[in-house]
Amino acid sequence: MIDPKSLRDDFPALQQRLQSRGEYDLGPLRELDQAQRTLEQQCHQLQARSNEIGRLVGQKLKARLSAQDPDVQMLTQEGNSLKIQLAELEPRLRELKGRLEQALLMIPNPPSPLTPLGKDEGDNRLCHTWGEPRLPDFPVLPHWEIGESLGLMNFTRATRMAQSRFVALVGAGAALERALIQFMLDRQTQAGYLEVAPPLLVNTQALTATGQLPKFGEESFRCAQDDLWLIPTAEVPLTNLYSGEIIPGGSLPIYHCAYTPCFRREAGSYGRDTRGLIRLHQFNKIELVKLVHPQTSEAEHQTLLGDAEAILQALELPYRVVELCTGDLGFSACRCFDLEVWLPSAGNYREISSCSNFGDFQARRGNIRFKEPGQKGTQFVHTLNGSGLAVGRTMAAILENYQQADGRVKLPAVLQPYLNREFL
RNA sequence: GGAGAGGUGGCUGAGUGGUCGAAAGCGACAGAUUGCUAAUCUGUUGUACGGUACGAAAGGCCGUACCGAGGGUUCGAAUCCCUCCCUCUCCGCCA
């Protein structure tokens, strides 16, 4: 959520930063904020007098005046008239407040000044590449063909019991997934992230805090009967671990990692990536989340990116880093780097991790604050997160990059100890 | 699912209609003091929003809201009434 004060103090700058994402007219919002505050002041004044009357009546009754005393009568009458006025104003105030709140929740995060300006994907900035894209001299198979021919995965049966965009991993396929999870968690906990096994179902408030709601409800699976949602990413439970809390300043920064399945409805992506592990309704991911002091969030973002990159490097998978431009930025992010892994069958790079800085955007929505020791007041933390990494896409990248002329797949050296074998 | 208990400030816990934002204790912070790894004494100690003829500023002052959430009764609600949520205990079921 944006700072409502910036609507008043910093309006032109705010408007301009938001417009770098696309079209946003904040004018109506500013008027709403103005109207709300005027009305609120009116109510406060009436309430103040009403409180005073309450106090006076109390004093008089204590001084053994009877309730029928003219003084008391006059006060209670005034109190009654105030009550009538408030009964009219308060519902209007509540309504305005609700509308303002809803409108604020729909405003995306203004991009960081560091984010390159641009309209869409085409304007993203290539930061650097790592490793040499492989193009073997034998016919390259897509990972789902490799996977099915080696008996690692089965799409037909998974689809029969569930829906399209589901997979059942089998035998060494399931073991490889598990090994990757273990490997990634080992690395990230060594890098200083405290592992959490969070709830996979969360409430509406949690999804609102991280920004998936109210705008993107159709992207998540909802259990209507209990008003709970399947998490689309562990970002949601990890960030919400501290919602509503005031963290002692000395406890920052906080680093968490988690392995969780993620669930996405993929509404609106019909026909895209219909085969393979790239776009499933259920997939596994290791997520990294940081809660940090605002002054350090830029530096923390870079090290977070490095922690995600380290996994690809350890697996010796070629990749590149792309910084998203203002027009391509996710709703909640103010700055974002994507890691894209080389996929030989596509002859292209494919997103495997997204490392975002959210500034105080999520912290405001989730009310996550910290208090500097010795200082008055509280501040919102900055939140960051990144995939470290998406497991299914990593598996796809391994199968394709490590396929051999004889149809087998050689395992990356760091994974061999986890699976006790060299080839799949 | 059945029966019961309960949700108060960082924590424990008092408070059943009238200056209660809330006693007390603990903790924390600041100062004082004692020759001893700590004790004692004193003081301070929630959050948010708004206003401001104060202040260079930090801040001060004024107001409003918050005792699980939302309604209601009343001149006045932590306290009474209604609805909802959550937690705990016992029983049942169950990985």
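1. Helix α12 covers residues 391-401, and 11 of its 11 residues are buried (buried means under 20% relative accessible area, exposed over 50%, partly exposed in between, with a 1.4 Å probe and protein chains only). The buried set includes the charged-type names Arg393 and Glu400 (Asp, Glu, Lys and Arg count as charged; Ala, Val, Leu, Ile, Met, Phe, Trp, Tyr, Cys and Pro as nonpolar; the others, Gly among them, as polar). Also buried in α12 are Val391, Gly392, Thr394, Met395, Ala396, Ala397, Ile398, Leu399 and Asn401.

2. Basis of the note. The model is predicted, so local features need pLDDT of at least 70 and side-chain atom pairs count only at pLDDT 80 or more, while totals for chains, interfaces and linings use all residues. Residues are numbered from 1 along each chain as its sequence is written, chains are lettered from A and ligands numbered from 1 in the order in which they are written, and side-chain values use heavy atoms, with hydrogens and water left out.

3. Chain A overall. There are 13 helices and 16 strands in chain A (DSSP runs numbered from the N terminus: helices are H or I with at least four residues, strands are E with at least two). The C-alpha trace spans about 105 × 45 × 45 Å along its principal axes. Of the 424 residues in chain A, 49% are buried. Among contacts with a separation of 6 or more, 73% join residues 24 or more positions apart (contact means heavy atoms within 4.5 Å).

4. The surface near RNA strand B. This surface has 24 residues, of which Arg8, Gly54, Leu61, Lys371 and Thr378 come nearest (near means that a residue has a heavy atom within 4 Å of the strand). By class, 4 of these residues are nonpolar, 10 polar and 10 charged. On the RNA side, 75% of the strand B atoms within 4 Å of the protein belong to sugar or phosphate, and the rest to bases.

5. Polar contacts to RNA strand B. What does an N or O atom in the side chain of Lys371 approach? Its partner is a phosphate oxygen of RNA strand B, at 2.7 Å (a polar contact is a pair of N or O atoms within 3.5 Å; within protein, one must be able to donate a hydrogen and the other to accept it, and residues adjacent in sequence count only if both atoms are side-chain atoms). A polar side-chain atom of Arg369 is 3.1 Å from a sugar or linking oxygen of the strand. At Gly54, a polar backbone atom lies 2.8 Å from a base nitrogen of RNA strand B. The elements giving two or more residues to this surface are α1 (4-9), α3 (27-62), α4 (70-105) and β14 (369-371). Helix α3 gives the most, with 14 residues.

6. Helix α4. This helix has 36 residues and reaches 51 Å from its first C-alpha to its last, close to the 52 Å expected at 1.5 Å a residue (the expected span is 1.5 Å times one less than the number of residues). Helix α4 bends by about 25 degrees at Leu86 (the angle between axes fitted to the seven residues ending there and the seven starting there). Leu86 is also one of the buried residues of α4, among them Val72, Leu75, Gly79, Leu82, Leu89 and Leu93. The buried residues of α4 pack against α1, α3, α8 (204-210) and α11 (361-366). At the N-terminal end, Asp69 caps α4, with a side-chain oxygen 2.8 Å from the backbone nitrogen of Asp71.

7. Ala206. This residue is in helix α8. Is Ala206 buried or exposed? Ala206 counts as buried because its relative accessibility is 8%. Leaving out residues up to four places away in sequence, Ala206 touches Val236 and Asn240. Between Ala206 and Glu121, 85 residues apart along the chain, the C-alpha separation is 29 Å.

8. Cis peptide bonds. The bond from Leu213 to Pro214 is cis, with omega near 5 degrees. Pro214 is in the loop between α8 and β6 (222-223). Leu252 and Pro253 are likewise joined by a cis peptide bond, with omega about -5 degrees. Pro253 is in the loop between β8 (246-248) and β9 (254-263).

9. Positive phi values. Asp273 is not a glycine, yet has a positive phi of about 50 degrees. Its place is the loop between β9 and β10 (282-292). Glu316, also not a glycine, has a positive phi of about 55 degrees. Glu316 lies in the loop between α10 (297-314) and β11 (319-323). With a relative accessible area of 43%, Glu316 is partly exposed.
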